[in-house]
Amino acid sequence: MTTTPTPAAAKSPAPPPRSVLRDLAFLRLWAGTTASGLATWALPFVLGLAVLHRDLGAAGLGLVLAARTVGFLAAVAVGGVLADRHARRAVVLWSALAAAAAAPLLAAGLGRSLALMTAAAVLAGAGQGACRPAFQALTAETVDPGRRQEANAAMTLAVRSSTLAGPALTALLAAVLDVRTLLLGIGLLWLVAALVPGGGPAAAPVAEPGRRAGFRAEFAEGIREARRHPWFPAGLAALVAVVALGYSATSVALPLISRDRYGTTWVLAAAMTAYTLGALGGALVIARWRPRSQGWAAFAGLAAYGFAPLSLMLPVHPVVVVAAYAVAGIGIELFNVPWFTATQREVAPDKLARVSSLDFLVSYGLAPVGLALIAPAVGAFGVAPVLAVCAAACFLVPAGAALVPTARHFSRTAPKPTD
């Protein structure tokens, strides 16, 4: 006599996926990415200390930081092509080693040769730029699709925590170490970024040497892949509007308003701290939250940055300004984490690094343009009108992007309903 299995026996519930934080391969990648982020953040801060110690002039600081930006923008597209041609782990290794090599050159040039420091800054920026798309693609190789949102949230938590704790840590180190030693420490961080991450479980597709197209053709292929996903250029346009207009306007206006309207620097410090704490909270939320309309929720989060310039243009209590920055921080991560996760999921694996490099190239490349234009605009039209325009852009451009086909789910195919 046979028995028919019960429905419960026939279909037992699947065990919950193991947390990505218990995966050694991801933890190595997380450690390397965190080290690279901390090194990237620390360099301008340490060079600022050099200005305070009179080892570097203000004009020299501007030149060195501009050179690093040039190196980043020149290398990020190249890094995307290389990371799709070769193993992503190798691209991370060599780009991070290049940034590590720049640190002792910066230390050697400090107070002696501005030309050497400028050249070293270009090398540092190039290493930073080349590794960014490779890290993005390596995350997709290392982590299975079901855990990538948690993985990307863990990455952004590390970056935001470094931003929050980094100034205090650097100030403590500066009390016992000179600027040259701190620069060498940045080089050690880049060595960690180069040597600690492991490779993904499967190597990235690599074109055969005899069949490779030229660099320009391969990068153009990445652009065509990005255009296959209408939500991607729409999201990139919304991100550019928020970064180049909203973020740039608040970067210029917040110090002025903190000083002139409130008569204290407390508002400046509190608002920036609230933004970082909000971003940490947003990353914790989105690590677990899976909204039904992921793209719409992400664009709503991005649009929330508009509350920051809006609070600065109105004569409100300073607590309102601080709260607006906290909301903006939460929103930015509610966009960032699903955005990175969707890119890793939807883009063809052999073109992922090139599409990621396009993301970094446009968003990072246009941010300095926004900063350069905002200050003259404030001088010509006043703070309030400029903030009003930028706040409107932060609200309206993401709303328009959300109307683009495929934007609702950050996918060309609608998700299947769950039981």
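How much area does the protein chain expose, and what share of it do carbon and sulfur atoms supply? The exposed area is about 19200 Å², and carbon and sulfur atoms supply 70% of it. Accessible areas were computed by the Shrake-Rupley method with a 1.4 Å probe; for residues, only the protein chains shown count as cover.

The model is predicted: local features need pLDDT of at least 70, side-chain atom pairs count only at pLDDT 80 or more, and totals for chains, interfaces and linings use all residues. Residues are numbered from 1 along each chain as its sequence is written, and side-chain values use heavy atoms, with hydrogens and water left out.

The protein chain holds 15 helices and zero strands. These elements are DSSP runs, numbered from the N terminus (helices: H or I, at least four residues; strands: E, at least two). The C-alpha atoms fill a box of roughly 90 × 55 × 45 Å along the principal axes. The radius of gyration is 23 Å, which agrees with the value near 22 Å for a compact globule of 419 residues. That radius is taken over C-alpha atoms, and the globule rule is 2.2 Å times the number of residues to the power 0.38.

Of the 419 residues, 49% are buried (under 20% relative accessible area; exposed is over 50%, partly exposed in between; 1.4 Å probe, protein chains only). Among contacts (heavy atoms within 4.5 Å) between residues at least 6 apart in sequence, 86% join residues at least 24 apart.

Ser 293 lies in the loop between α10 (266-288) and α11 (294-303). Ser 293 counts as buried because its relative accessibility is 14%. Beyond its neighbours within four places in sequence, Ser 293 contacts Arg 408 and His 409.
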